[in-house]
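Got your viewer open? Let's take a walk through this model, one selection after another.

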Amino acid sequence: MSNKSIKKTKKLLSPGHNACAGCGELLAARIVAEALGPNIIIANSTGCSEVTTTAYPTSAWGMPWIHSLFENSPAVASGIFYAIKQKSKNVTRSTLRVPRVIAQGGDGATFDIGFGLLSGMWERNDDVIYICYDNEAYANTGYQASGATPWGANVSTAPAGKGKTLDAIGSHLRKKDMIAIALAHGLNYVAMTTIGYPDDITQKIKKAMILKGPSYIQILTSCVPGWKIESNMTIKLGKLAAQTGLYPIIEFEKGKLINKMKIPQPQIKVEEYLKPQGRFAHLFKSPQGQEQIKIIQEIANENIERYQLA
Ligand SMILES: Cc1ncc(C[n+]2csc(CCOP(=O)(O)OP(=O)(O)O)c2C)c(N)n1
Ligand code: SF4
């Protein structure tokens, strides 16, 4: 191929970052960036999406992008939003190309440590799109449990062990229902999807870009070392999470469920999703573990019932 035929395009998130091969979070972040387009400003909580893309003095981001602390990307995004609002007052309409403001972070930043500031941003109704890359733990610091960690997962702060106590099963807290919490804030647009469906991610981001007002999009993104999986399992597990009912693909506008992805029939059992993941391997080794798999199946069934996915 001649040099002339190589088209140089500026990537919004270029491949020269140092995320693990097969990282669901960075794959999702690239799909998100491409769907958002260039006329945006991103405030990024620290975590893998930040640390792997901005090794000093380089940056993989091809648009205005701001590092923020672990806990405060919503506050930084709100500040940008109000600054743009103020500045736009002094510009004539024809010269105005107001950028859309985005805040994003991992589930630790979203469900736990940044939650207060996120809630404040939603309470003020600031026109910011918030994206959560949910790999179900604090991946960047060694896979500690977060409020998004699912029942039965072996994580570094809730390690699976021996014996019959509840502690032996790994995490024994139910995943926090951030979708319900976002809906309780009265957001215009709330959606949940997985890295198994890249086109669905694109569609949901584009929808949020069109709608006015705050929106929340939560994407399940696998983590290779944290989930203890092969790097080629990213898409497959993203699909199985949705197809088993454990991570429903759902979309709400003005509080109403407007879209959902139906699960295939006959129903796929949760074992199919859990088995390839080392973080659930202990559940397959004892009768007590089998009991936990039943509980996880009940969680999936609850979702199927609640969102009428069958
Ligand atoms: C106040 C504060 N506490 C702890 C840290 C250390 N820290 C940096 S990233 C991170 C984990 C991020 O987890 P998450 O938000 O889930 O994102 P992920 O790495 O999984 O993408 C932690 C604990 C920090 N930077 N600031
Ligand atoms: S540790 Fe997990 S989330 Fe972080 S870069 Fe690797 S695969 Fe991605």
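Before selecting anything, look at the protein chain as a whole, and keep in mind that this is a predicted model. Take its contacts between residues at least 6 apart in sequence: 70% of them join residues at least 24 apart. Colour by secondary structure and you should find eleven helices and eight strands in the protein chain. The radius of gyration is 20 Å, close to the 19 Å that the globule rule gives for 310 residues, so the chain is as compact as a globular protein of that length. Along the principal axes, the C-alpha atoms fill a box of roughly 70 × 50 × 35 Å. Buried residues account for 46% of the 310 residues.

**Stop 1: ligand 1**

Select ligand 1 and show what lies around it. Which residues are the closest? They are Gly47, Gly106, Gly108, Ala139 and Asn140, out of 19 residues that surround this ligand. Helix H2 (48-51), strand E3 (100-106) and helix H4 (107-113) are the elements that give two or more residues to this shell. H4 provides the largest share, three residues. Now colour the shell by residue class: you'll get six nonpolar, ten polar and three charged residues.

**Stop 2: ligand 2**

Next, jump to ligand 2. It has 13 residues around it, and the nearest are Ala19, Cys20, Cys23, Cys48 and Cys223. Here the largest share of the shell, three residues, belongs to helix H8 (residues 224-227). By class, the shell around ligand 2 holds eight nonpolar residues, four polar ones and one charged one.

**Stop 3: helix H5 and its partners**

Select residues 115-123, which form helix H5, and pick out its buried residues: Leu117, Leu118, Met121 and Trp122. Turn the view until you look down the axis of H5: the buried residues fall within an arc of 140°, so they line one face of the helix. What do the buried residues of H5 pack against? Their partners are helix H3 (73-88), H4 and strand E4 (128-134). That brings H4 back into view, the helix you met in the shell around ligand 1.

Add H3 to the selection. Two packed helices are described by the angle between their axes and the distance between the axes. For H3 and H5, the axes come within 7 Å and cross at roughly 30°. The contact brings Pro74, Ala75, Ala77 and Ser78 of H3 together with Leu117, Leu118 and Met121 of H5. Sorted by class, this contact has six nonpolar residues, one polar and no charged ones.

Before you leave, step along the chain to asparagine 125, which follows H5 and has a positive phi, near 65°.

**Stop 4: tyrosine 247**

Now go to the loop between helix H9 (234-243) and strand E7 (250-253), where you'll find tyrosine 247. Is tyrosine 247 buried or exposed? The cut-off for buried is 20 or more other C-beta atoms within 10 Å, and tyrosine 247 has 26 C-beta neighbours inside 10 Å, so it counts as buried. Leaving out residues up to four places away in sequence, tyrosine 247 touches Thr194, Leu220, Ala241 and Ala242. Try a distance label too: from C-alpha to C-alpha, tyrosine 247 and methionine 192 are 8.0 Å apart, though 55 residues separate them in sequence.

**Stop 5: some backbone oddities**

Switch to a backbone view for the last part of the tour. Most residues other than glycine have a negative phi, and most peptide bonds are trans. The next few selections go the other way.

- Tyrosine 56 and proline 57 are joined by a cis peptide bond, with omega about 10°. Proline 57 sits in the loop between H2 and strand E2 (65-67).
- Glutamine 265 to proline 266 is a cis peptide bond as well, with omega near -5°. Look for proline 266 in the loop between strand E8 (256-260) and helix H10 (270-274).
- Lysine 228 has a positive phi, near 55°. It lies in the loop between H8 and H9, and with 15 other C-beta atoms within 10 Å it is partly exposed.
- Glutamine 308 has a positive phi of about 50°. Find it in the segment after helix H11 (287-306); with 9 other C-beta atoms within 10 Å, glutamine 308 is exposed.

Methods: Residues are numbered from 1 along each chain as its sequence is written. Chains are lettered from A and ligands numbered from 1 in the order in which they are written. This is a predicted model: local features need pLDDT of at least 70, side-chain atom pairs count only at pLDDT 80 or more; totals for chains, interfaces and linings use all residues. A residue is near a molecule or strand if its C-beta atom, placed from the backbone, lies within 6 Å of it. Helices (H or I, at least four residues) and strands (E, at least two) are DSSP runs, numbered from the N terminus. Ala, Val, Leu, Ile, Met, Phe, Trp, Tyr, Cys and Pro count as nonpolar, Asp, Glu, Lys and Arg as charged, and the others, Gly among them, as polar. The radius of gyration is taken over C-alpha atoms; the globule rule is 2.2 Å times the number of residues to the power 0.38. A residue is buried if 20 or more other C-beta atoms lie within 10 Å of its own, exposed if 12 or fewer, and partly exposed in between; C-beta atoms are placed from the backbone. Two residues are in contact if their C-beta atoms, placed from the backbone, lie within 7 Å. The arc is that of the directions from the helix axis to the C-beta atoms. Axes are lines fitted to C-alpha atoms, for helices over the stretch in contact, and angles run from 0 to 180 degrees between N-to-C directions.
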